Amino acid sequence: MLIAYSPAFLAGIASFVLYPQENIRILLLCSALTIHFLKRIFEVLFVHKYSGGMILDSVLAISLSYFLSTATVTYAQYLAQGFPEPSVDLKYLGCLLFLIGISSNFYHHYLLSKIRSKGDKDYKIPKGGLFGLVICPHYLFEIVEFVGISLISQTLYAFSFTIGSALYLIGRSCATRRWYLSKFDHFPKNVKALIPFVL
């Protein structure tokens, strides 16, 4: 997974050099994306306990997707610098949502890492945080993070990126819930996939 996240992190770092930071919005956007992938790299190195490896083809496709998304969102923001600012400025609300999303995502990843001891490859039902309500709270808060990034940017491209990411994570959450229901006879049926009491 280090291969998957490193190019996007490097694209975030490069955005500070390639695109003059003429306003606070592009600085916040580049910072948020760089911090997002730095956190992912930190988690790969120090938090996650994986049950197995990934196929190289999948890792390369994921890596390319993250890299291109980061590069194009920052480039779109750079191109938008000459246009008037939005009439309703949502960048600080976006920063707040980003911080809530990234910290809550990390917290739930930490809880996931605690259900496996070193070398353990068995799956267990996660507990703590919002795991009593949804099976993928880490995905929920990643979506909150991406909504924050969209509000920082306030470009159509960033909102499109967020919608695409949200749809992907909704699909993954629903598939994960179906898997837990098939794997564990005692899995609580009231635990939703992503959104408490709804989905």
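Which residues does Tyr 66 touch, if we leave out residues up to four places away in sequence? Let's start there. One thing up front: what you're looking at is a predicted model.

So, Tyr 66. Find helix α3, because that is where Tyr 66 lies. Its partners are Ala 4, Tyr 5, Ala 8, Phe 37 and Arg 40, again not counting residues up to four places away in sequence. Is Tyr 66 buried or exposed? Well, something in between: its relative accessibility is 23%, so Tyr 66 counts as partly exposed. The cut-off for buried is under 20%. And here's a distance to try on your screen: Tyr 66 and Arg 25 are 41 residues apart in sequence, and from C-alpha to C-alpha they are 21 Å apart in space.

Now let's look at the helices around that tyrosine. Helix α1 covers residues 2-18 and helix α3 covers residues 56-79. Their axes come within 7 Å and cross at roughly 15°. Angles under 35 degrees count as roughly parallel, and therefore α1 and α3 are roughly parallel to each other. The crossing where α1 passes α3 is right-handed. Who makes the contact? On the α1 side we have Ile 3, Ala 4, Tyr 5, Pro 7, Ala 8, Ala 11, Gly 12 and Ser 15. On the α3 side there are Val 59, Leu 60, Ile 62, Ser 63, Tyr 66, Phe 67, Thr 70, Ala 71 and Thr 74. So our tyrosine is in that list. Sort the contact residues by class and you get 12 nonpolar, 5 polar and no charged.

Next pair: α2 and α5. Helix α2 is residues 24-46, and the axes of α2 and α5 come within 8 Å, crossing at roughly 160°. That makes α2 roughly antiparallel to α5, since over 145 degrees is the cut-off for that word. This crossing is left-handed. From α2, the residues involved are Arg 25, Leu 28, Leu 29, Ala 32, Leu 33, His 36 and Arg 40. They meet Glu 142, Glu 145, Phe 146, Ile 149, Leu 151, Ile 152 and Ser 153 in α5. By class, that contact has 8 nonpolar, 2 polar and 4 charged residues. You've met Arg 40 already, by the way: it is one of the residues that Tyr 66 touches.

Let's stay with α5 for a moment. How far apart should the ends of a 17-residue helix be, at 1.5 Å a residue? For α5, residues 137-153, the expected span is 24 Å, and the end C-alpha atoms are 24 Å apart, which agrees. This helix is mostly covered, with 16 of its 17 residues buried. Right after α5 comes Gln 154, and its phi is positive, near 55°.

Last stop: the loop between α4 (91-114) and α5, where Leu 130 lies. Like Tyr 66, this leucine is partly exposed: Leu 130 has 23% relative accessibility, and Tyr 66 has 23% too. Beyond residues up to four places away in sequence, Leu 130 touches His 108, Pro 137, Leu 140 and Phe 141. Its C-alpha atom is 13 Å from that of Ser 103, which is 27 residues away along the chain.

And His 108? You'll find His 108 in helix α4. With a relative accessible area of 3%, His 108 is buried. Not counting residues up to four places away in sequence, His 108 touches Gly 129, Leu 130, Phe 131, Pro 137, His 138 and Phe 141.

Notes:
Residues are numbered from 1 along each chain as its sequence is written. This is a predicted model: local features need pLDDT of at least 70, side-chain atom pairs count only at pLDDT 80 or more; totals for chains, interfaces and linings use all residues. Side-chain values use heavy atoms; hydrogens and water are left out. Axes are lines fitted to C-alpha atoms, for helices over the stretch in contact, and angles run from 0 to 180 degrees between N-to-C directions. Helices (H or I, at least four residues) and strands (E, at least two) are DSSP runs, numbered from the N terminus. Angles under 35 degrees count as roughly parallel, over 145 as roughly antiparallel, 65 to 115 as roughly perpendicular and the rest as oblique. A crossing is left-handed if the near helix is turned anticlockwise from the far one by less than a right angle, and right-handed if clockwise. Contact means heavy atoms within 4.5 Å. Ala, Val, Leu, Ile, Met, Phe, Trp, Tyr, Cys and Pro count as nonpolar, Asp, Glu, Lys and Arg as charged, and the others, Gly among them, as polar. The expected span of a helix is 1.5 Å times one less than its number of residues. Buried means under 20% relative accessible area, exposed over 50%, partly exposed in between (1.4 Å probe, protein chains only).
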